[in-house]
Every structure is written in C-alpha cells, then in structure tokens.
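Please open the model in a viewer and keep the sequence panel visible. The tour below proceeds selection by selection.

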Amino acid sequence: MSPAQRRPFVGRLRLGSLLCICSCGCALALSACGDTLQDQPIGTSTLERLVAVDDFPVYWLGGVFRGMEITGVQHDAGGAFTIQYGDCLVGGQNTCVTPLQIVTSPDNGFRPQGSTAHRLAGIRGIQAIVAEGDHTIELPTGEVIVSVYANSRRLARAAAETTVPINRFGLPGGRLRAALPDTGFGARPLPGQKPPVVRAP
C-alpha cells in the first residue's frame, strides 16, 4: 500500500479509535477519589449525566488520560463541572487532590485566576491564561471557561491541547471556538435561590 493510500485509512483508524475510546469511557465503571485508602466506584450514570447536559459543553479527556482514569466527577452549586484524573496525591477522608482536574465553568464572565500572576499564551487558536508556574491553564472558549489544574506544566499543557466536550463534537488538538461575550450566567439565580412557584387553589 502506497503512502497516499495509507493516509485515508490511518485517518479512519484514528477517528474509529477516538469513538471507541469515548464509548468505552462512558461504559466503564470508574472509581472515585473520596478516600485515599479505598477508591469508591463511580456508576456509568455519572458520565451519562454529563453527556445529557444541553446548556453548555462539558470538557473532558476521555475515560483514561496518560494512564490516569477518572476518579471523581463533581457538579457544584454554581453550575461548574469538575472531572478529576488519577489517584489522590494529597488528602484524607472526604478530601482529595488529584494530579489533574478539568473544570468547565458556564460563567464565562468570571476569570478564576484573580490577581494571581499570569500570562497569555496562544493555545489551539485562542488566547489562554497560564498561571501557577504553568500548572494552571484557563481556556476561554465559546460560552464556557475550561480550567486545567495539573501537578506539572507538561501535564497541564498536554491536557489543554487534548480536552474536548463530552456532550458535543470535538477533536483533540483541534481549534477551539473563540470566547463569546459574557453570557450573563453568573447573574442568574441559582436553583435554590428561585422562589417557589405558588399556584392558586
């Protein structure tokens, strides 16, 4: 087979492998990192809920990234999703700091770095915010901000170059959407702040 004939085949093979990895990631029973002594299993319904999010893209790195499985998934009251990879490096009962975290925040008007020293860097066609000795990378893309927190600069950069939405189409290494203007998500009341609906008897 000539090199010209091999190229389309290799492209189909890579796409097929990507789809297979994503499918397997959703189907695997993964373990949680709530306890440094014993991992707690995560049911497949946890990842299925991420796939079902319609309001905004939720970013991840697949079921396994650089040999690290998903060990925690959280959805905070402000709407952000955090996906943790790898076993706890620091922590005890109900506390865990993993080697890698991907946080998707729908509040694109808020920049988490605050007053921390940072710099801008071109990553995947957008201006990323790099801080904490290059261990933290924020990717303002579309209507969200994707934050990468890693225990090394190489791991942070690799994750930033690879992360894709679990609930939208995207290719690792592909160009990211330009940041949209502030969507006003941060000004919306949280579900617990909304007054109950009162109906006349």
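A residue is called buried when its relative accessible area is under 20%, exposed when that area is over 50%, and partly exposed in between, using a 1.4 Å probe and protein chains only. Helices (H or I, at least four residues) and strands (E, at least two) are DSSP runs numbered from the N terminus.

The model is predicted, so local features need pLDDT of at least 70 and side-chain atom pairs count only at pLDDT 80 or more, while totals for chains, interfaces and linings use all residues. Residues are numbered from 1 along each chain as its sequence is written, and side-chain values use heavy atoms, with hydrogens and water left out.

**The whole chain**

Begin with a cartoon of the entire chain, in which three helices and 12 strands can be traced. Of its 201 residues, 39% count as buried. The chain exposes about 11600 Å², of which carbon and sulfur atoms supply 57%; accessible areas come from the Shrake-Rupley method with a 1.4 Å probe, and for residues only the protein chains shown count as cover. A contact here means heavy atoms within 4.5 Å. Among contacts between residues at least 6 apart in sequence, 55% join residues at least 24 apart.

**The sheet**

Next, select strands β4 to β11. These eight strands form an open sheet in the order β4-β5-β6-β7-β11-β10-β9-β8, with antiparallel pairing. Because β4 and β8 stand at the edges, each with a single partner strand, one side of each is left without a neighbour in the sheet. Two strands are taken to pair if DSSP finds at least two bridges between them. Strands of a sheet pair through backbone hydrogen bonds, either parallel or antiparallel.

Now restrict the view to β7 and β11, which pair in the antiparallel sense over six bridges. For one of these positions, select Gln101: its bridge partner in β11 is Tyr149.

**Helix α3**

Which residues of helix α3 (residues 153-162) are buried? Show its side chains and pick out Leu155, Ala156, Ala158, Ala159 and Ala160, which are the buried ones. Add the strands against which these buried residues pack: β4 (64-65), β5 (68-75), β7 (100-105), β8 (118-123), β10 (136-141) and β11 (144-150).

Remain on α3 and select Arg157 and Glu161, which form a salt bridge with the closest N and O atoms 3.2 Å apart. A salt bridge is a side-chain nitrogen of Lys or Arg within 4 Å of a carboxyl oxygen of Asp or Glu. Being four residues apart in the helix, Glu161 and Arg157 are separated by about one helical turn. Both are partly exposed: Glu161 has a relative accessible area of 27%, and Arg157 one of 36%.

**The other salt bridges**

The structure holds three salt bridges. For another of them, select Arg119 and Asp134, whose closest N and O atoms are 2.9 Å apart. This pair links distant parts of the chain, with Arg119 in strand β8 and Asp134 in the loop between β9 (126-131) and β10, 15 residues apart. Arg119 is partly exposed at 40% relative accessibility, and Asp134 is partly exposed at 22%.

Then move to Glu143 and Arg177, whose side chains meet in a salt bridge at 3.0 Å, N to O. Glu143 lies in the loop between β10 and β11, and Arg177 in the segment after β12 (164-165), 34 residues apart. Glu143 counts as buried at 18% relative accessibility, whereas Arg177 is partly exposed at 46%.

**Thr104 and the aromatic pair**

Select Thr104 in strand β7. This residue is buried, with a relative accessible area of 0%. A polar atom of the Thr104 side chain lies 3.0 Å from the backbone nitrogen of Tyr59. Leaving aside neighbours within four places in sequence, Thr104 is in contact with residues including Phe56, Tyr59, Phe81 and Ile145.

Finally, display the rings of Phe56 and Phe81. Rings of Phe, Tyr and Trp (its six-membered ring) pair if their centres lie within 6.5 Å; planes under 30 degrees apart count as stacked, over 60 as edge-to-face and the rest as tilted. By this rule there is one aromatic pair. The ring centres of Phe56 and Phe81 are 6.0 Å apart and their planes stand at 50°, so the pair is tilted. Phe56 belongs to the loop between α2 (44-51) and β3 (59-60), and Phe81 to strand β6 (residues 81-85), 25 residues apart. Phe56 counts as buried at 6% relative accessibility, and Phe81 is buried at 8%.

Definitions and conventions: Polar contact = N/O pair within 3.5 Å; in protein donor to acceptor, adjacent residues only side chain to side chain.
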